[in-house]
Amino acid sequence: MTYSTMLLHLQVGVSNAALLKAAADFAELFQADVVGVSACEPASIPYGDGYTSGALIQECRDELEKETTDAETEFRTVLEGRAPRLTWRSSVGFAWPADYIAEQSRAADLIITAPEQAGSMLDGSRQVSIADLVMAAGRPVLVVPAAIVGINLDHVAVGWKDTRESRRAISDALPLLKKAGHVTVVELAATADLPSVRDRLAEVTRWLKRHGITAEALAEATKEDDATRLGDIVRDNGAGVLVAGAYGHSRVREWAFGGVTRSLLHHPGCCALLSH
């Protein structure tokens with residue numbers, strides 16, 4: 001198993017420098033083809049008595065198409081010679097952007113994107129819901145923060161819960177974990193649950209070993225929210241990538257009360273590989 005083809009989602013109207021650098025590193029590491037993709041939805045602009053001006057919609061579409069062309073130019077300029085093959089796909093229309101990108105991932109092993117942006121209503125035409133993309137894609141999604149310069153695989157952390165989403169994520173991450181210098185599988189739990197947690201983690205690390213991956217298990221008691229403590233562990237250990245299952249709880253609970261997935265979609269402290 002490897003990442004033979006990667007789908008790279010570029011935002012329009014902004015620089016994608018950090019994302020392209022990370023994608024170039026991944027493409028070289030795995031000798032992977034890269035498919036660049038952007039998707040925008042022209043804004044519905046109220047005009048007069050609630051009608052939408054066709055001229056204003058066309059003006060918005062023309063601007064988005066120019067920005068899409070600029071994104072493709074940036075994509076090809078940075079990645080030319082770094083990947084065996086480059087392909088570009090884009091949509092400026094009224095299809096839901098996250099659905100369009102998810103559909104393009106049918107021929108890819110991994111999606112790479114930037115964190116979800118909390119833009120204004122006026123920027124809605126340029127925004128893609130990364131949460132919707134994670135839910136719809138059926139592929140692992142690597143979220144790359146703007147502050148990251150390239151991919152650091154010296155240490156990769158796996159945020160573990162005994163859930164379907166975590167099992168999916170660690171399986172999807174096997175090609176990446178095989179390239180890692182050091183792997184730590186972390187589970188946070190109440191103090192009373194730590195003995196059973198350690199037993200579970202021992203099984204996980206044995207499973208990884210059968211795939212040629214040596215991993216350390218870390219079971220830690222926590223009284224604070226998991227997102228904060230997991231972020232601290234990742235930072236203290238210098239992990240360059242965090243692997244985690246996405247939406248182990250319902251999305252309603254995540255967005256209402258906060259959670260690991262929400263934190264990693266909006267404010268990841270390092271690159272985050274998420275699977276649902």
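Buried here means under 20% relative accessible area. Keep that cut-off in mind on this walk through a predicted model, starting with Y3 and F30, both of which are buried.

**Stop 1: the whole chain**

Show the protein chain as a cartoon and you should find 10 helices and 12 strands. Of its 276 residues, 51% count as buried. Among contacts in the chain with a separation of 6 or more, 79% come from residues 24 or more positions apart.

Now colour by pLDDT. The chain has a mean of 87, and 88% of its residues reach 70 or more. Select residues 251-258 and the picture changes: pLDDT stays under 50 there, and the model gives this stretch 14 contacts beyond four places in sequence.

**Stop 2: the aromatic pairs**

A search of the whole structure turns up 4 aromatic pairs. Select Y3 and F30 for one of them: the ring centres are 5.0 Å apart and the planes make 65 degrees, an edge-to-face arrangement. Y3 belongs to the segment before β1 (5-9) and F30 to helix α1 (residues 17-30), so this pair ties together parts 27 residues apart in sequence.

Next, pick F75 and W88. Their centres are 5.4 Å apart with the planes at 45 degrees, so this pair counts as tilted. It links distant parts of the chain, with F75 in helix α2 (residues 54-79) and W88 in strand β5 (residues 86-92), 13 residues apart. How buried are the two partners, in relative accessible area? F75 is at 0%, while W88 is at 14%; both values fall under the 20% cut-off, so both residues count as buried.

Go back to F30 and add F26 to the selection: Y3, F26 and F30 form one aromatic cluster. While you're there, show K179 too. What does its charged end sit over? The charged end of K179 sits over the ring of F30, 5.6 Å from the ring centre.

**Stop 3: the nonpolar cores**

Stay on F26 and show its surroundings. Leaving out residues up to four places away in sequence, F26 touches Y3, M6, Q31, L110, I112, L142, I151 and L176. Which residues touch the most other members of the largest nonpolar core? In this core of 57 residues, they are L8, F26, I112, L142 and L177. Helix α1 gives the most to it, with 8 residues.

Another core lies apart from that one, with 34 residues. To find it, select A108, I111, V186 and I233, which are among its members.

**Stop 4: strand β8 and its partners**

Finish on strand β8, residues 155-159. It is mostly covered, with 5 of its 5 residues buried. Turn on the side chains and look along the strand. In a regular strand the side chains alternate between the two faces of the sheet. In β8, H155, A157 and G159 point one way and V156 and V158 the other, and all are buried.

Which strands pair with β8? One is β9 (residues 182-189), running parallel and joined to β8 by 5 bridges. Another is β11 (residues 241-245), which also pairs with β8 in the parallel sense, over 4 bridges.

Centre the view on A157 to see both pairings from one residue. A157 stands opposite T184 in β9, and opposite L242 in β11.

Key
Residues numbered from 1 in each chain as written. Predicted model: local features only at pLDDT ≥ 70, side-chain atom pairs only at ≥ 80, totals over all residues. Heavy atoms only, no water. Buried < 20%, exposed > 50% of the residue type's maximum accessible area, 1.4 Å probe, protein only. Helix = DSSP H or I, 4+ residues; strand = E, 2+ residues; numbered from the N terminus. Pairing = 2+ DSSP bridges. Phe/Tyr/Trp six-rings, centres within 6.5 Å; stacked < 30°, edge-to-face > 60°. Lys NZ or Arg CZ within 6 Å of the ring centre and 35° of its normal. Core = buried A, V, L, I, M, F, W, Y, C linked by side-chain atoms within 4.5 Å. Contact = heavy atoms within 4.5 Å. pLDDT = per-residue confidence, 0-100.
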